[in-house]
Amino acid sequence: GGIFLCYGTYLVPRTETPMPTLTKTLVERLETKASDYVVWDNKLTGFGVKVTPKGKRVYLLKYRTKDGTQRKPAIGEHSEALTCERARDVAKDWLAIIHQGGDPSGVRQELRQSLTVAELCDRYMREHAKVYKKPSSVELDEYYIERFIKPRLGTAKVVSLARQDVIKFHQSMQGTPAQANRLISSFSKMFALAEDWELKPRNTNPCAKIPRFKETPKDRFLSDDEMEKLGKALGELEKKVLVKGKEVQQESPYIIALLRILILTGARLGEILGARWEWVDMQRGVLTLPDSKTGRRVIKLGGALAVLENLPRVEGNPYIIVGDVEGKPLVKPERQWRRIRDKAGLQGVRLHDLRHTYASVLAMQGESMTVVAKLLGHRQLRTTERYAHLGNNPLESAVQRAGTMIGAKVLGR
């Protein structure tokens, strides 16, 4: 059989076949097999790399604790950040702890057992959301976490949170189905990362395959009459009134400009709030966003160009839509919008419905869904197809043509 080499407090088998010295090149060239296998390093006893059938290469250290318990914890998956040499250094650090009677794997297990959902949320925000996601998405994640997840599930242990707990949590929000679905998606991502961070065993995500609520798209858009009402209200609010003997405009010219730009371009609210003057090309009539929800995007200004030409710039503030804080853009204009929409008699209309209105007008004018998608900045055409029913219906057109021809003969008109 094999010969066992004793070293300190750990015991590992050593075969008669010479073991290689693990290097980055060797690790990356290891072939995948039908099942997991481990290649041990001849430079550091107990240090090895496991190769899975899916091609993952995971560094590990095999040792025995002072009481004889065998451990084989993973150090981490091979990557640019965790190279072979870096993993070997970690193994050496662990061995130093082992020689002193410590148990690195046991400590990690204790930490995993004690980690709460609130602590996982904090790590998710710190190491994932704020690193990889856009500011608007980070803000939404923070809202979900502080408003819903932490108050309801924050004290639960990550390793013991049950699927039924998450289902019950999801069901409690059925009154707001879209919000509930988005929240569960974010929660599921946290637990997927918990597995990557080795805080939970693989394939134990309690959010996996939880049925989502059916969502009813809110495709509200303004009619011709409602658009006229909005235009009239904005025009009246531009007029100055006397306040304590001074003429003042009833609403900020920037909130009025924002609303006009939104409905004239179909742009997203965040795109216009974060837009800078340096991104505007007046001659070409375009606003070029270096980074939007779908990446770099060029917005055709059209009628909004005249709005920008008449909008005063504020020295020292690079933003088009100026806010109350010096050098900053307007933020969260919902309060002003509610006041203006109520004045126009448009109760219940959301700011996002101005974007829907622009899209609906394009569709009703017969523009193709490809053109509509391009102008709205949609990455997937299926996102735009909600407006397809507003376009010219060939069946309806055929009925109209046939009715006109037949009616002229049968009805004498």
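**View 1. Buried and accessible parts of the whole protein.** Of the 413 residues in this protein, 40% are buried, in a model that is predicted. The accessible surface comes to about 24,400 Å², and carbon and sulfur atoms account for 52% of that area. The secondary structure comprises 16 helices and 13 strands, and among contacts between residues at least 6 apart in sequence, 54% join residues at least 24 apart.

**View 2. The largest nonpolar core.** This core, the largest in the protein, holds 40 residues, and those with the most contacts inside it are Leu230, Leu258, Ile272, Leu287, Ile320, Ile321 and Leu354. At least two residues of the core come from each of α8 (224–238), α9 (253–265), α10 (269–273), β12 (286–292), α11 (304–309) and α12 (334–343), and α9 gives the most, with 9 residues.

**View 3. The surroundings of Ile321.** When neighbours within four places in sequence are set aside, Ile321 is in contact with Tyr254, Ala257, Leu258, Ile261, Ile272, Leu273, Leu311, Pro329 and Leu330. Two of these partners, Leu258 and Ile272, are named, as is Ile321 itself, among the residues with the most contacts inside the largest core.

**View 4. A second nonpolar core.** Separate from the largest core is a second one of 30 residues, which includes Ile149, Val166, Phe187 and Leu199.

**View 5. Two buried cysteines.** Cys84 has a relative accessibility of 1% and therefore counts as buried, the cut-off being under 20%. Cys207 likewise counts as buried because its relative accessibility is 1%. A search of the whole structure finds 0 disulfides.

Terms used
Residues are numbered from 1 along each chain as its sequence is written. This is a predicted model: local features need pLDDT of at least 70, side-chain atom pairs count only at pLDDT 80 or more; totals for chains, interfaces and linings use all residues. Side-chain values use heavy atoms; hydrogens and water are left out. A nonpolar core is a set of buried Ala, Val, Leu, Ile, Met, Phe, Trp, Tyr and Cys residues joined through side-chain atoms within 4.5 Å. Buried means under 20% relative accessible area, exposed over 50%, partly exposed in between (1.4 Å probe, protein chains only). Helices (H or I, at least four residues) and strands (E, at least two) are DSSP runs, numbered from the N terminus. Contact means heavy atoms within 4.5 Å. Accessible areas come from the Shrake-Rupley method with a 1.4 Å probe; for residues, only the protein chains shown count as cover. A disulfide is a pair of cysteine sulfur atoms within 2.5 Å.
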